[in-house]
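Colleague: Could you take a close look at one part of this model for me, the places where chain A meets its neighbours, inside the chain and beyond? I would love one connected account.

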Amino acid sequence: MSSLSERPLQPVVGVPMPHESAALHVTGTALYTDDLVLRTKDVLHAWPVQSPHAHARVTALRVKPAYDVPGVVRVLTADDVPGVNDAGVKHDEPLFPGEVMFNGHAVCWVLGDTLEAARLGALAVEVEYEPLPSLVTVREAIDAGSFQGIGRHLERGDVEGALASAAHVFSGEFEFAGQEHFYLETHAALAHVDESEQIFVQSSTQHPSETQEIVAHVLGLASHAVTVQCLRMGGGFGGKEMQPHGFAAIAALGATLTGRPVRLRLNRTQDMTMSGKRHGFHSKWTVGFDSTGRLMALDATLTADGGWSLDLSEPVLARAMCHIDNAYEIPHVRVDGQIAKTNKTSQTAFRGFGGPQGMLVIEDILGRCAPLLGYDALELRRLNFYQPGDATPYGQPVRHADRLESCWSQVIDGGDVAARLAALEAFNATHEHVKRGLAMTPVKFGISFNLTAFNQAGALVHVYKDGSVLINHGGTEMGQGLHTKMLQVAATTLGVPFARVRLAPTRTDKVPNTSATAASSGADLNGAAIKNACEQIRERLTQVAGGRLGISPSDVRFVDGVVRGLSGDGVPWEEIVAAAYMQRVQLWAAGFYRTEGLHWDANAMRGEPFKYFAYGVAASEVEVDGFTGSYTLRRVDIVHDVGDSLSPLIDIGQIEGGFVQGAGWLTLEDLRWDESTGDRRGRLATQAASTYKLPSFSEMPEVFNVRLLEKAHEDGAVYGSKAVGEPPLMLAFSVREALRHAAAAFGPPGTSVDLPSPATPEAVYWALEGARGGVSWSG
Amino acid sequence: MTTQALRAPAVTVNGELAALGDISVHTTVLDWLRERGLTGAKEGCAEGECGACSVLVARPGTDAPTEWTAVNACLLPIASLDGQELITSEGLGSPAALHPVQKEMAIRGGSQCGFCTPGFVCSMAAEYYRSGRSTGEGDHEHGPNGFDLHSLSGNLCRCTGYRPIRDAAYALEDPTENDALAVRRLSPPPAPATTGIVSGEAEFVRPASLDGVLDLLAERSDAQIVAGSTDLGVQVNIFGSRPPLTIAIDRLAELREFSFGPSEVRLGAALTLTEIERRLAGRVPLLAQLFPQFASRLIRNGATIGGNLGTGSPIGDTPPALLALDASLVLASRRGERVVPLAEYFTGYRQTVKAADELIKTIVIPLPLAPMTAFHKIAKRRFDDISSVAIGYAVDVRDGVVAEARIGLGGVAATPLRARATEAALIGKPWTEETVRTAAAVMAAEGTPMDDHRASSSYRSAMLGQSLLRFYFQGVEA
C-alpha cells in the first residue's frame with residue numbers, strides 16, 4: 001500500500017456524508033454566480049446580437065440605433081478589444097467575428113441598465129450579412145473534405161492479415177448524435193474592476209485559470225491583473241470547461257470600458273444556441289471475429305463533428321480513439337480519427353470526453369454482430385473481456401482487468417440475472433404486443449488527462465491559532481461533491497473532526513495555474529495536493545506534540561481532534577496548534593501533486609496516458625411497446641469500481657446521475673439542426689427544454705440497485721480511491737442494448753437490429769418494425 | 001380604461017407583506033422575487049419546463065379551504081398575485097432549522113449541484129401539504145406515504161438521476177398539527193384583489209366581474225387574456241411579447257362553474273386542470289387518463305381548460321379528448337352567449353370561431369359517457385412532453401357492433417380534428433380485429449401530418465393506425 005493511498009485510524013474519508021452545501025441548497029441560500037448580481041450595485045446587463053445565418057460575412061454593423069434605446073449604455077464590438085480578439089487557446093475563435101460561423105453566433109454585445117434595455121438595444125443593432133455556403137451535417141463536411149485540427153492514427157498488429165484470416169467479417173457505418181449539457185444553471189459571469197484596476201470576474205467555470213488567461217489576453221493584461229472566482233456551478237458536465245471564457249471576457253471588457261460591474265447571463269435559448277455540446281460522431285468500421293466469437297481485428301475511421309472551431313475537439317478525438325476497445329481485447333487494431341469542421345456550435349467536453357463515443361462504436365458492433373455470429377450478446381461481450389496481462393492498442397497494460405469479471409459476475413448474482421432472463425423469455429413468448437429486453441455492458445475508462453502536463457494540482461491549507469482549518473484548492477464544485485471529499489481528505493490527514501475544516505471558494509489568486517476540474521480527476525489531483533499540504537503541517541505539529549507529550553515524534557497520532565501517542569489520552573488538537581504558534585511553527589502550507597508514471601506520445605498514439613482504469617458493469621431491463629416503440633426502464637443493477645470510496649453517498653450519487661445522463665444521451669435527448677436549404681438552415685431546432693427533452697422522473701429506473709465494488713483499493717490515488725465523475729455515464733450502454741434486445745424479440749430468433757442513437761420511441765418503433773419484417777396494420 | 005386601485009398592490013411573501021413597487025406589468029414572479037434578494041428560485045428555462053423556479057401560492061383547495069399550490073414563478077406575472085400569499089424555499093426553512101422536506105432532501109443526497117433543488121423542495125412541499133394525500137400501499141409512482149411522484153414531473157434534475165429525490169419524497173411523514181403552513185390550509189385563501197397596474201404604456205387589470213372583462217374585450221382589440229399564464233409567460237419570456245393590456249380572469253366566479261350531471265358535465269373555463277382532475281375524481285375516465293399526461297403538475301396547477309382551448313393550438317392535449325367526448329363551448333361576449341360544438345370551433349392554425357370580443361366561459365360534456373374510452377399520447381418522454389400525436393377515443397359497442405365512435409386527433413393537421421373517415425369505417429361494423437385492422441389503415445391516412453423535430457410524418461401516420469390497434473387489443477386483452 002502506498003503512502004498516498006494508505007488510510008490512518010478513524011479516517012473521515014469513507015464515511016457517507018451529504019453534500020457539504022446540502023443545507024444551503026435545500027433552503028435556496030446557496031449562491032451561484034447570477035445570484036450575486038442582486039448583491040452588487042449599478043450592474044449593467046449584457047445581451048448578444050446573434051447571427052440568423054449558418055455562415056456569412058458581416059458586411060456592415062451599425063450600432064448607433066442601439067444607443068437610441070433608453071437604458072442602453074454601451075455596445076461592445078471588435079474595435080473595443082485592447083488585446084487579442086479571441087475567446088480560445090487555439091486562436092480560431094474570434095470573440096467578435098467578422099465572419100459568422102454558425103446560426104446563433106454572437107456578432108456584438110449590448111450593455112444596458114436593465115436586461116430589457118439590453119435586449120431592446122440588441123434588437124435595434126443593424127447587421128448586414130453576405131451569406132456564404134455552409135456545411136451543417138458531418139456527412140456534408142466529410143463529402144466536402146472540411147476538416148480541422150490534426151487527424152490521428154492508432155495502430156497495433158496486422159489488421160489486413162487478421163481480417164483476411166477471420167472466420168467472420170462485418171462492415172458497417174454508424175452515425176450518432178451529440179448531447180446538450182443542459183446544466184440547470186446557464187453560463188454566467190459577473191465582472192468588476194477594483195480601485196487598483198484589478199479585474200475580478202465571478203464566473204460559472206470549471207477552469208478558472210484558463211478563464212483568467214483568456215480574460216487577460218482579451219484585455220491585453222498580464223494574468224496577475226485578473227482574478228477569477230467560482231463559488232459553485234449549477235452543473236457543468238464539461239460544458240463549462242472551455243466555453244465560459246469568452247462570456248467572462250465580454251463581461252470583463254464591458255466592466256473595463258464602462259467602469260461599472262457587468263453581468264452576462266445567457267438565457268436558455270442563448271445557451272443552447274451559442275454554447276458547444278457533446279460531439280456527434282460518424283464511424284465506419286470493419287470487424288473480424290474468429291470461429292469462437294473472439295474479436296480478431298477492428299479497422300475503424302472516426303469523424304468527430306467539431307462544429308465551427310477546434311475548442312477541445314482534438315483531445316476528445318484522442319480519448320475516443322483510446323476507448324474504442326472499451327473492455328475488450330482486440331489483437332489487431334487500426335483507428336483513424338479526424339475532426340469535421342461544420343457550421344454549428346463548437347462542440348466541446350462533455351462527461352466522458354470522447355470516451356463514450358469511442359465505446360459506443362464497439363458496443364454497437366457487438367450488439368449488431370452477436371445474433372449474426374449466433375451468440376448471445378451477454379456471452380459475446382464476456383468472452384472478449386481483457387484478461388490480466390493484456391495491453392490496450394496504445395500499449396498500456398490493463399491493470400486490474402480481473403475487476404471486469406468481478407463486476408460482471410456480481411451483477412449477474414446480485415441482479416438475479418439468470419432467473420430474470422428465463423422470466424423474460426416466458427413473458428415474451430406470451431406477449432405479442434409488448435416485449436422485454438435485458439442487456440449487460442461493461443465499462444473500462446482511463447483516468448488522467450491524456451495530456452500529461454495537466455495532471456498536476458495545488459492546494460493551500462491554513463490552520464488558525466484556534467485550531468480551525470481553512471482549505472483552498474484548484475478544483476471547482478459543480479455538484480459532483482468535490483468540496484465534500486476535499487473536506488474529508490483534509491480532516492483525515494490532520495486527524496480532526498469534519499466540522500473543524502472549512503473550505504473557501506475556488507479562486508485564481510489562492511491557487512494558480514490550475515487544471516480544469518475535468519477528466520474525473522478533481523478528487524485524485526486536488527485531494528492529493530490537499531493531503532500533501534496537510535501532511536506538511538502535520539509533520540511540523542508532530543515535532544511539537546512529541547516534545548509536549550514527551551514521546552518520540554514517530555509515535556504521535558492525530559485522531560479525531562486529539563493528538564496522542566500509541567497509548568494514553570493525548571491532548572486536544574487545539575492545544576498543540578496553540579503551542580506550535582507560540583514556538584513560531586508555520587501553520588499553513590501550500591500543497592502540490594503531480595501524477596507519477598504517465599507518458600504519452602500524442603503523434604504516435606502510444607504510451608501510458610492513464611494512471612489507472614475505472615471499471616463497472618450494468619444490467620438493464622426494458623419493456624418496449626410494440627404499437628409505439630415507447631419503453632420503460634424496469635430495472636437497473638450496477639456494480640461499479642470507485643476504489644475505496646472517499647465518500648460513498650457522493651459516489652453513489654455520481655454513479656446514478658451519470659447513468660441516467662448517459663441513458664438520456666442514448667435514448668431521449670434528440671439534438672436536431674435545420675439541415676434544409678431554407679432560411680433557417682443551421683438553426684438548432686431543439687433549443688429549449690420544451691423541445692429538447694432531458695430525462696425526468698419518468699426515465700428513472702423503477703428499480704435501481706447500485707453497489708460499489710468491494711476490496712477495490714487503488715494504490716495510485718489518494719486514500720485508495722478512484723475517480724467517479726465520468727465512467728458511470730457509459731454504463732448506460734446497457735439500456736441501449738436492452739432496447740435492441742427487446743426490439744429483436746419482435747422478430748424471429750437471431751434477428752440483428754440496427755438501432756439509431758438516440759434510440760427515441762420513434763427509432764425503436766422503426767427498429768422493431770424492421771425486426772417484425774415490416775408487419776404493418778394491414779398485415 | 002383601468003380600474004383604479006384603492007390600495008398599493010402587494011403580495012405576502014413568506015409571511016411578510018411586500019409592496020409590488022415600481023414594476024413592469026410583465027415582470028415575472030421569479031424576477032420580482034430575485035430582485036428582492038430572494039434568489040432561491042432560479043431560472044432554468046423560462047418556459048415552465050424545468051421547475052427550478054417553483055414556489056408555493058395559497059389557492060382554493062379541493063380537499064381543504066386552501067391548498068399550497070406549486071407554480072412556475074417564471075411564467076406568472078407578479079401583478080397576477082396582488083393580494084395573494086406566496087412561500088419560497090427560503091420561507092420553508094433555514095439551514096439552522098430545515099423544513100421536513102428540506103431535511104429529507106439534504107440527508108439523502110437529493111441535491112448535487114443544488115440549482116434545481118429549491119424548486120424541487122417547493123414542489124415536494126406542495127405534495128407534502130396536499131390535503132388529499134393519504135397513506136396507502138404505494139406503487140411505482142406513489143410512495144407508501146401517498147406521495148404522488150407526478151407532483152415532481154415538472155421539475156428537472158440533471159445531476160442525481162432522481163432516485164434520492166424519490167426516496168426523500170417517500171420518507172416524508174405527515175405535517176405536524178402545529179405546522180403553520182398546515183394550519184393555514186384550514187382557512188380560505190386570500191380573495192382575488194381587484195388589480196389595476198399601469199407601467200409605461202402597458203396595463204395589467206384584474207376586473208371584479210365577468211362583465212368587466214367583457215366590457216374591456218369589447219373596447220380593446222389589443223387585450224390579452226391571462227389565467228395561469230402558462231402560454232403567455234412563454235410568449236413574454238422567449239418570444240419577447242409585451243401585450244399592452246393584460247386582463248386576468250382566473251379567479252372570476254362566473255368562470256369557475258363545476259357541475260356533474262344529470263345530463264351534462266359543466267366545467268368553468270378558468271378551472272385549472274388540477275382542479276378539474278381532483279373534482280372529477282375519475283368520473284370521466286377519458287379525462288382521468290389524460291390528466292397525468294398533460295404537461296406537468298406545475299403546469300396543470302396554473303393552466304386552465306379554457307386556456308388550452310383558447311390558444312387554438314393543434315397540439316393541445318385536451319382537444320382530442322374533448323372532441324371524443326363531443327364537448328361544446330359556451331362563448332360569452334357583451335353581445336350575449338352562444339354554444340359552439342368543439343368539432344366546429346377550430347378553423348385553422350391557431351384560428352377559431354371565437355371572435356376577438358368573446359371569451360370561453362364554460363366547457364360542456366354531454367352525459368352519459370361512452371362506455372369505452374381512451375387517451376393515447378405519443379411523445380418522446382412519458383412525463384411532461386408535447387404530443388407528436390394525441391388521440392382521444394369514445395366508442396360504444398352494442399351486441400358486438402360499433403354503435404357510436406368518436407375519435408379526436410391532435411398533431412396531425414393545422415387544427416385538432418375528428419377522424420371522420422375512421423369513425424365511418426367502424427360504425428355499424430362488428431367490433432373485431434378484422435374491422436379494426438381495416439379501420440386502422442383508414443386512420444393512418446387521416447390528417448396531413450408533418451415532419452419536425454418531434455417526429456417524422458411517417459411515424460405520426462403510423463402511430464394513428466397503431467393507436468387504434470392498441471385501443472382494440474388493450475380493450476380485448478384487459
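Modeller: Happy to! The domain bounds used here come from an automatic or database domain assignment. Please keep in mind that this is a predicted model. Chain A is split into domain 1, made of 22–29 + 456–594, and domain 2, made of 413–438 + 614–779. Taken over C-alpha atoms, the centres of domain 1 of chain A and domain 2 of chain A lie 41 Å apart. Where these two touch, domain 1 of chain A brings 15 residues and domain 2 of chain A brings 14 residues. On the domain 1 side, helix H14 (482–494) and helix H15 (522–549) of chain A each supply at least two residues. H15(A) gives the most there, with six residues. By character, the residues of that side of domain 1 of chain A divide into three nonpolar, nine polar and three charged.

Now let us turn outward, to the partner chain. Here 62 residues of chain A are in contact with 71 residues of chain B, counting two residues as in contact if their C-beta atoms, placed from the backbone, lie within 7 Å. On the chain A side, the elements that give two or more residues are helix H1 (22–26), helix H8 (268–274), helix H17 (648–668) and helix H19 (761–771). H17(A) provides the largest share of this side, eight residues. The side of chain A that touches chain B divides into 28 nonpolar, 25 polar and nine charged residues.

How values were computed: Residues are numbered from 1 along each chain as its sequence is written. Chains are lettered from A and ligands numbered from 1 in the order in which they are written. This is a predicted model: local features need pLDDT of at least 70, side-chain atom pairs count only at pLDDT 80 or more; totals for chains, interfaces and linings use all residues. Helices (H or I, at least four residues) and strands (E, at least two) are DSSP runs, numbered from the N terminus. Ala, Val, Leu, Ile, Met, Phe, Trp, Tyr, Cys and Pro count as nonpolar, Asp, Glu, Lys and Arg as charged, and the others, Gly among them, as polar.
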